[in-house]
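Student: Got a minute to go through this one with me? I'd like to start with the surface and then get to the fold.

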Amino acid sequence: MTTLPTYRWRLAPDGYATRRQLRAQGLRPGGQGVAATLERPRRRREPLVAYLYRVDLAKPVRPMTPGRWAALAAANRARRICPQCRRDAGYVIPASLGTCVPCAYPDSPRSV
């Protein structure tokens, strides 16, 4: 078993990037494994760890197809429909409530 190179926060060499940094460049890891780790020390707790990937092995992000756009729109639309009153709430229903705000708090006065 080989250990991964570990770098301190902000001291990783060029050629490595996190998933977010790859995405900002229009890239994805593309099946490659984690190439290195980045550690940010914290007081009295375990360090924060970020996984780094090699930029030269990264692949371009796959483009969104019309089918993917449709599936994403349907999923977002389903997150807005209240399971209790079956109306479109106009916002994503919070998982903590499970229903739209008027259904979760029916006794509260409605502000207009």
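Student: Which residues form the nonpolar patch on the surface?

Tutor: Leu4, Val34, Val49 and Tyr51, with about 330 Å² of accessible area together. Patch members have over 30% relative accessible area and no salt bridge, and nonpolar side chains (Val, Leu, Ile, Met, Phe, Trp, Tyr) are joined within 5 Å, like charges within 9 Å. A salt bridge here is a side-chain nitrogen of Lys or Arg within 4 Å of a carboxyl oxygen of Asp or Glu. The areas are Shrake-Rupley with a 1.4 Å probe, and for residues only the protein chains shown count as cover.

Student: And what are we looking at, model-wise?

Tutor: This is a predicted model: local features need pLDDT of at least 70, side-chain atom pairs count only at pLDDT 80 or more, and totals for chains, interfaces and linings use all residues. Numbering runs from 1 along each chain as its sequence is written, and side-chain values use heavy atoms, with hydrogens and water left out.

Student: Back to Val49: where does it lie?

Tutor: In strand S5. Val49 is partly exposed, at 43% relative accessible area; the scale is buried under 20%, exposed over 50%, partly exposed in between (1.4 Å probe, protein chains only).

Student: OK, the sheet. What's the strand order?

Tutor: S1-S4-S5-S2, an open sheet of four strands with mixed pairing. The edges are S1 (6-8) and S2 (16-17), each pairing on one side only. Strands are DSSP runs of E, at least two residues, and helices are H or I, at least four, numbered from the N terminus. Two strands pair if DSSP finds at least two bridges between them.

Student: How many bridges join S4 to S5?

Tutor: Five, and the two strands run antiparallel. One of the partnerships is Thr37 with Tyr51 in S5, and Tyr51 also belongs to the nonpolar patch.

Student: What about S2 and S5?

Tutor: Antiparallel too, over two bridges, with S5 covering residues 48-54. Tyr16 has Arg54 as its bridge partner in S5, while Ala17 stands opposite Tyr53.

Student: Switching to backbone angles: which residues other than glycine have a positive phi?

Tutor: Among them are Arg10, with phi near 65°, and Arg44, near 60°. Arg10 lies in the loop between S1 and S2, and Arg44 in the loop between S4 (36-40) and S5.

Student: Are those two buried or exposed?

Tutor: Arg10 counts as exposed at 75% relative accessibility, and Arg44 is exposed at 84%.
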